[in-house]
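Trainee: I'm new to this one, so could we walk through it together? I'll ask, you explain.

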Amino acid sequence: MKIPEISAVELFDPTCHGHAESLAKVRSAAEDIGFMTLTDTCLSGDDVRRVLNAYREFFKLPIAQKAQFDMAKTGSNRGWGAPGAEQVDPASNPDYKEVFDCGLELPPGDPLAEHTYYAPNRWPTEPAGFRETVTDYYSQATRISLDLLSAIACSIGEPAEYFRDKFDKPMALLRGNYYPVRPQGATERDFGIAPHTDYGCLTLLAMDGSPGLEVAARSGEWVSITAEPGTFVINFGEMLQMWSNGRVVATSHRVIGGANERMSIPFFFNPRADVNVAPWGSAEARLAGEHLSRRYDETYVHRQPASRN
């Protein structure tokens, strides 16, 4: 399986000589593979390393300190997720990674402000500058993702602006992932993150260069993908597959884990909660917020019925 490699400089500039070729690569990624890589964005390798280091310093904090921001104490997905906080595959054990989540906050009085997955963020005071570093990255990742959605729309025959007004208040979740060394005694049901497809539209993934991510090829084999900071791995989720009538495919991926620690930063980019993401041309309504809420509630252990009894 060959993952298309695309330069943002060529893809985002219609006057560039490589633009048409880049759009063709996006189409192949969207329709056939479900993954691609993107380089030359406004986020440099140093920018990514800065955010990786901020997350790394947070995850090094004592558990009691991180637990002050435990998302299990809330009804949403803001703050720290302890090992075992998520179970993306009901046939596997809860994932052994740790996470830290943040998202878009809306001003009081906004009609969507009470939606569970626009909840207020929970910011630690340590490490110093954590909030500023993460929120700056969030803003830049949003810019890249909006431009990428325009390219995806063009690549599958839709107007470039098709998605723009639907992402004005995105349910965009930025996450720091910490994968520790694979635990002793781990079984075939234990994963850093078990096989799954992402739930939303688009994922912009930064990695620390360490191996660990594996993608399911159409042949059935698992293919390893690595990327140095500054190169982004892009994949598409269930919502975009549904919304596009299957023109865009969501591909399963996993992290088993190994003898080394590993970190990654996925940015899950999803539309406004009240956007209809039913298949194009369908008369039915499927709201983005309802889709994500259902899938998150199936995944976050603290949102599952048994944990509330």
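Trainee: Which backbone oxygen does the side chain of S244 reach?

Mentor: Keep in mind that this is a predicted model. S244 sits in the loop between α6 (238-243) and β11. Its side chain comes to 2.8 Å from a backbone oxygen, and that oxygen belongs to L240.

Trainee: And is S244 buried or exposed?

Mentor: Anything under 20% relative accessible area goes down as buried. S244 has a relative accessibility of 0%, so it counts as buried.

Trainee: That loop leads to β11, so which strands make up the open sheet with β11, and in what order?

Mentor: Four strands are in that open sheet, and their pairing is antiparallel. Going across, the order is β6-β11-β8-β9.

Trainee: Why is one side of β6 and of β9 left without a neighbour in the sheet?

Mentor: β6 (193-196) and β9 (222-225) each stand at an edge. One side of each is left free of a neighbour in the sheet because each has a single partner strand.

Trainee: What is the bridge partner of V215 in β11?

Mentor: Look at β8 (residues 213-216) and β11 (residues 253-255), which pair in the antiparallel sense over three bridges. On the β11 side, V215 is matched with H253.

Trainee: Okay, what about the open sheet of eight strands: which strands stand at its edges?

Mentor: That sheet has mixed pairing and runs β1-β2-β10-β7-β12-β5-β4-β3. Two of its strands have a single partner each, so one side of each lacks a neighbour in the sheet. Those edge strands are β1 (5-7) and β3 (79-81).

Trainee: Which helix packs on that sheet, and what angle does its direction make with that of β12?

Mentor: The twist in this sheet averages 25° from one strand to the next. Helix α3 (residues 45-59) packs on the sheet, touching β3, β4, β5, β7 (202-207), β10 (232-236) and β12. The direction of α3 and that of β12 make an angle of about 110°.

Trainee: How many of the six residues of β4 are buried?

Mentor: Check the two faces of β4: E98, F100 and C102 are buried on one side, and V99, D101 and G103 are buried on the other. The strand is largely enclosed by the rest of the structure, because the number of buried residues is six of the six.

Trainee: D101 is in there, so what is its bridge partner in β5?

Mentor: β4 (residues 98-103) pairs with β5 (residues 173-179) in the antiparallel sense, over six bridges. Within that pairing, G103 stands opposite L173. D101 also bridges to G79, as β3 and β4 pair up too. In β5, though, the partner of D101 is R175.

Trainee: Last one: how far from R262 is the nearest side chain of opposite charge?

Mentor: R262 is in strand β12 (residues 262-269), and its contacts include N177, Y179, D208 and S210. A polar atom of its side chain lies 3.4 Å from the backbone oxygen of S210. A salt bridge needs atoms within 4 Å. R262 is buried yet has no salt bridge, with the nearest side chain of opposite charge, D208, at a distance of 4.8 Å.

Definitions and conventions. Residues numbered from 1 in each chain as written. Predicted model: local features only at pLDDT ≥ 70, side-chain atom pairs only at ≥ 80, totals over all residues. Heavy atoms only, no water. Buried < 20%, exposed > 50% of the residue type's maximum accessible area, 1.4 Å probe, protein only. Lys, Arg positive; Asp, Glu negative; His and termini not counted. Polar contact = N/O pair within 3.5 Å; in protein donor to acceptor, adjacent residues only side chain to side chain. Contact = heavy atoms within 4.5 Å. Pairing = 2+ DSSP bridges. Axes fitted to C-alpha atoms, helices over the stretch in contact; angles between N-to-C directions. Lists of a residue's contacts leave out its neighbours within four places in sequence.
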